[in-house]
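User: Hello! I am new to this structure and would like a close look at one single part of it. Could you pick a helix and walk me through its surroundings?

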Amino acid sequence: MNTHSTIRVDGSREPVEDARRRQLIDVTIDSLAELGFAGTTLAQIAGRAGVSPGLVAHYFGDKESLLDAAFRALARRVGERVRFRLRQAESARGRIQAVIDANLAPEEFEQKTGTAWLAFWGQVLHDPRLRRVQSAYQRRTLGTLRAALKPLLPADEAGSLAAMIAAMIDGVWLRAALSGWREADSASARALLTAFVEGRLRAAPRAQPPGVRPPQPGERFASTNPATGETLGYVTVAGTAEIDAAVRAAQRGQAEWAALPAAERARRLRAAAALLRARNDALAELETRDTGKPIQETRVVDVASGADCIEYFAAVGQSLAGEHLDFGSAAFGYTRREPLGVVAGIGAWNYPLQIACWKAAPALACGNAMIFKPAELTPLTAVKLEEIFLEAGLPAGVFQVVQGFADTGRLLTRHPDIRKVSLTGEVGTGKAVMVDAAASLKNVTLELGGKSPLIVFEDATLDNAVGGALLANFYSSGQVCSNGTRVFVHRAVKAAFLERLVARVAAMRIGDPLDPATQVGPLVSQAHMHKVLGYIERGREEGARVLIGGHRVMDGALARGHFVAPTVFDGCRDEMTIVREEIFGPVMSVLEFESEAEVIERANATEFGLSAGVFTNDLARGHRVIAALQAGTCWINHYNVTPVELPFGGVKLSGLGRENGRAAIEHYTQLKSVYVALGDVEAPY
Ligand code: NDP
């Protein structure tokens with residue numbers, strides 16, 4: 001029996017300490033409503049609550065902590081009301097109303113609570129702790145509104161209407177307060193907001209936000225530049241009829257392609273690689289416009305890495321060979337590596353052209369045809385690759401690009417005449433693809449997400465380790481699957497490491513990705529930027545310390561794009577959300593460790609297993625630690641370099657199968673075993 005408890009309204013017991021805290025918070029809210037911020041003191045709260053000031057100090061420390069707790073309690077209360085109403089809501093429109101109603105409910109929208117809220121808001125500018133509570137509260141409200149609006153409006157419109165609704169709620173509150181609460185009428189305030197939302201939704205164009213209710217087959221959708229918002233072009237969604245036609249064309253093309261001698265296929269693939277290199281700058285510019293990745297990256301990495309891969313597999317394809325097996329003088333056997341037929345590739349948005357090349361090169365070199373669907377956010381450069389393959393002499397249909405959203409992807413993974421699917425994407429998508437592929441027993445290659453560790457030992461060359469950590473976190477604005485976002489640094493060198501790291505991050509140039517001097521461009525979309533900013537906020541809330549960055553960049557023209565400053569968190573703990581989940585943005589978490597065994601255990605304590613890196617000058621240790629890490633792609637004294645000769649891929653939830661290297665051949669060929677008799681057949685019948 002627990003005697004240190006009181007009975008709650010619902011009959012359950014609440015510990016006395018919690019009840020006391022709650023009472024003091026309630027008294028604080030009353031006091032704020034009556035006396036305002038300045039008039040609310042610990043002594044005065046103690047007097048109202050009938051306890052000693054020492055007891056208040058025992059529970060909360062100082063006035064600031066008590067006020068912080070009271071503000072959180074107010075925000076939590078509204079949050080619970082919103083969640084309760086959201087659970088009752090049955091439609092997107094109902095969910096918007098739930099937010100409005102909960103914020104302007106009669107029990108909330110009244111003098112006492114309102115005055116307490118305003119007392120806090122007045123202090124938010126001066127007190128960082130209160131600012132954090134306020135911004136977390138605001139972010140949650142905006143996030144809920146945006147999510148509710150997403151099925152009804154295009155993403156950008158949903159974002160701006162969510163912001164307007166939130167601002168109107170604040171405005172209604174403020175007006176009520178300025179009127180001395182004479183105008184604090186919950187029903188008319190809600191009616192005002194409801195009429196506003198209805199009007200905006202009626203005036204809205206088409207209710208088809210990308211990714212939620214995407215355009216239907218045959219309809220076009222736009223690709224936009226994430227640095228400026230400008231429309232770059234339109235592509236048409238492929239539906240069942242288009243996919244069926246593509247499969248038929250691929251079957252025809254594949255028969256012709258596979259019948260060519262391997263040397264001829266290799267020659268044409270090399271011609272395609274040469275065209276890619278010749279058009280490097282134009283393709284890099286298009287990639288930069290479509291993805292927002294800095295031109296200084298796309299000019300040297302994206303196109304070149306694609307061309308490297310095609311050249312490599314041209315050679316590998318030409319040297320494909322089976323085995324010869326000796327069964328004595330009367331027989332022998334051999335194996336043939338044969339193409340699968342028509343295969344599908346589905347790409348993510350971070351390396352659109354490179355992913356298309358990494359998938360197409362082994363597939364085509366082995367004599368298959370590939371139908372490729374780029375991510376809907378970055379559809380443009382794959383089309384250029386299709387043109388290049390045709391120009392290089394590949395038969396029509398051997399490499400085709402189809403456009404669309406997840407539904408188009410599903411048509412590929414479920415198609416009975418497609419023999420394999422290779423996906424680069426999120427873990428959840430990987431699981432969905434594998435389930436769909438199971439119906440026709442398709443072979444799958446899954447290149448999925450990660451949360452990889454990078455370990456810096458005390459004997460590492462620190463400048464190299466800092467360079468590695470930068471490459472592991474901020475390339476492509478952090479939108480790289482293999483990024484080493486959990487940076488474990490030995491305690492003995494952490495301070496020096498952080499000092500050098502922060503100095504180098506501070507010098508990074510954020511800006512127009514088409515400017516060759518720019519090192520950090522925007523994130524791929526507004527929705528993704530909000531997701532990344534949400535993680536940063538979560539990191540702060542959970543107690544990590546931002547050493548640098550931690551905000552959206554809005555300077556001048558950058559306000560039109562989705563720029564987030566490279567961010568370094570110190571004081572991270574393994575259980576924090578930012579340390580556990582893939583953020584896919586420029587956010588590094590630095591963690592401290594003391595022993596090799598400890599860091600290996602912590603590094604492996606994740607469901608992901610894509611990559612890992614170790615910085616040490618003790619090579620025996622480097623190999624020992626890498627051998628113990630659960631990851632598919634590893635580096636010693638470097639990070640994120642991916643020569644095509646080395647297989648690339650993950651273990652655990654980070655994926656199945658490998659791209660690049662000779663290992664990829666396994667995924668694009670099937671073995672045929674042949675027994676050849678040289679003598680007579682002796683049958684016992
Ligand atoms: P998504 O998983 O959202 O999308 C990947 C592709 O799959 C897109 O073309 C998407 O279409 C399509 N798709 C979505 N659902 C389905 C489905 N049910 N069936 C078939 N196709 C589907 O990934 P992102 O584009 O957001 O890319 C980021 C993710 O990719 C990160 O997790 C990152 O780690 C991972 N990644 C992994 C790499 C690796 O090599 N391991 C490399 C690069 C990224 P659409 O988007 O058009 O709707």
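Analyst: Here is a walk around one helix, followed by a short look at a sheet elsewhere in the chain. Please keep in mind that this is a predicted model.

Let's take helix 23, which covers residues 619–628. At its start, Asp618 makes a contact with the backbone: one of its side-chain oxygens comes to within 3.1 Å of the backbone nitrogen of Ala620.

Which residues of helix 23 are buried? They are Arg621, Gly622, Val625 and Ile626. Viewed down the helix axis, these buried residues fall within an arc of 125°, so they line one face of helix 23. A general rule helps here: an α-helix has 3.6 residues a turn, so residues three or four places apart point the same way. On the other side of helix 23 you will find Ala620, His623 and Ala627, which are exposed.

What covers the buried residues? Among the elements that do so are helix 22 (596–604) and three strands: strand 12 (453–456), strand 17 (611–615) and strand 18 (633–636).

Now for the sheet. Six strands make up an open sheet with mixed pairing, in the order 9-8-7-10-11-19. Strand 9 (399–401) and strand 19 (655–656) are at the edges with a single partner strand each, so one side of each has no neighbour in the sheet. Strand 9 runs parallel to strand 8 (residues 369–373), and three bridges join them; Met370 stands opposite Phe399 of strand 9. Helix 14 (residues 352–365) lies across strands 7, 8, 9 and 10, at about 165° to strand 8.

How values were computed
Residues are numbered from 1 along each chain as its sequence is written. This is a predicted model: local features need pLDDT of at least 70, side-chain atom pairs count only at pLDDT 80 or more; totals for chains, interfaces and linings use all residues. Side-chain values use heavy atoms; hydrogens and water are left out. Two strands pair if DSSP finds at least two bridges between them. Helices (H or I, at least four residues) and strands (E, at least two) are DSSP runs, numbered from the N terminus. Contact means heavy atoms within 4.5 Å. Axes are lines fitted to C-alpha atoms, for helices over the stretch in contact, and angles run from 0 to 180 degrees between N-to-C directions. Buried means under 20% relative accessible area, exposed over 50%, partly exposed in between (1.4 Å probe, protein chains only). The arc is that of the directions from the helix axis to the C-beta atoms. A polar contact is a pair of N or O atoms within 3.5 Å; within protein, one must be able to donate a hydrogen and the other to accept it, and residues adjacent in sequence count only if both atoms are side-chain atoms.
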